[in-house]
Amino acid sequence: MNARRYVTPPALMLALTFATGVVDAVGYLRLDQVFAGNMTGNVVILGMAATGGGTGLPVLGPVLALACFLAGAAAAGRVLRTAAPGWNRRCTGLLGGVGAALTATALGLVVVGADTAGVRACMASSLALAMGAQAATARHLAVKDVTTVVVTSTLTALAADSRLGAARGRGAVRRVAAVALIVAGAAAGAALCQVHEGLAVAVAACVVLAVTVLGGTAPPPTPSRSTAPSTALVRP
């Protein structure tokens, strides 16, 4: 089908970037200012909280989220250690697990709620575990400028290669799309939180599961001279 040509790793990773924006909006707005995907934010929060100057910033949530993110990334890295480059069955399994974890967290938020600090820290940790696995999977797929969890390096490359910078102009569309989608995801997450934070996480879960299905069922591309490892769907 003609639509299949749009099912590429860059497109799928951009969709995951949108999901990350939703998840981080939930973490910050409903789970005590904890980032599930943007670990730089958690590290900065912990640094400010360490001054003990009555900042009122959380400590437990960011610490647990950081630890769980690293655990998720390490676990995914172990699974992908001997995997072939590009999309493979292990990527499908890992992203399926991310979608399942987000679904479970959404159900937890609906059933249990987020009324206590302990529950909020637990839910944020679950989201961070999923985002760590997602980030490691995206790293394996190696789509340039799209990590799915942060856009600082993307913004740097966009500005450095712009006409005001080195004037290279390569990859501008993809970089702008990554930034726009994480912003759109955050806006959508904030809006959905007005209804219920569980609904926001459920939407992110649907996006991740859709990416998993599309990536796992897309046929391998026709070999060509322009096909690069970072944009090919490869199976073992």
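## Accessibility and the cysteines

A residue counts as exposed when its relative accessible area is over 50%, as buried when that area is under 20%, and as partly exposed in between. Cys-206, at 53% relative accessibility, is therefore classed as exposed. Cys-193 has a relative accessible area of 3% and is therefore buried.

The structure described here is a predicted model. A search of the whole structure returns 0 disulfides. In general terms, a disulfide is a covalent bond joining the sulfur atoms of two cysteines.

## The nonpolar core

The largest nonpolar core comprises 51 residues, and the members that touch the most others are Met-13, Leu-31, Trp-87, Val-98 and Leu-102. At least two residues of this core come from each of helix 1 (9-30), helix 3 (60-79), helix 4 (89-111), helix 5 (117-141), helix 7 (172-193) and helix 8 (197-217). The greatest contribution is that of helix 5, which supplies 11 residues.

As a general tendency, nonpolar side chains in soluble globular proteins are buried together.

## A salt bridge between helix 1 and helix 8

The whole structure contains 5 salt bridges. One of them joins the side chains of Glu-197 and Arg-30, with an N to O distance of 3.6 Å. Because Glu-197 belongs to helix 8 and Arg-30 to helix 1, this pair ties together parts that lie 167 residues apart in sequence.

How accessible are the two partners, Glu-197 and Arg-30? Glu-197 has a relative accessible area of 12% and is buried, whereas Arg-30, at 28% relative accessibility, counts as partly exposed.

## A network of four charged residues

Asp-145 and Arg-175 form a further salt bridge, in which the closest N and O atoms are 2.7 Å apart. The pair links distant parts of the chain: Asp-145 sits in the loop between helix 5 and helix 6 (152-160), Arg-175 sits in helix 7, and 30 residues separate them. Both Asp-145 and Arg-175 are buried.

The side chains of Asp-161 and Arg-168 also meet in a salt bridge, at 2.8 Å from N to O. Asp-161 is buried at 12% relative accessibility, while Arg-168, with a relative accessible area of 47%, is partly exposed. Which residues are joined into one network by salt bridges that share partners? The members are Asp-145, Asp-161, Arg-168 and Arg-175.

Note on methods
Residues numbered from 1 in each chain as written. Predicted model: local features only at pLDDT ≥ 70, side-chain atom pairs only at ≥ 80, totals over all residues. Heavy atoms only, no water. Disulfide = S-S within 2.5 Å. Buried < 20%, exposed > 50% of the residue type's maximum accessible area, 1.4 Å probe, protein only. Core = buried A, V, L, I, M, F, W, Y, C linked by side-chain atoms within 4.5 Å. Helix = DSSP H or I, 4+ residues; strand = E, 2+ residues; numbered from the N terminus.
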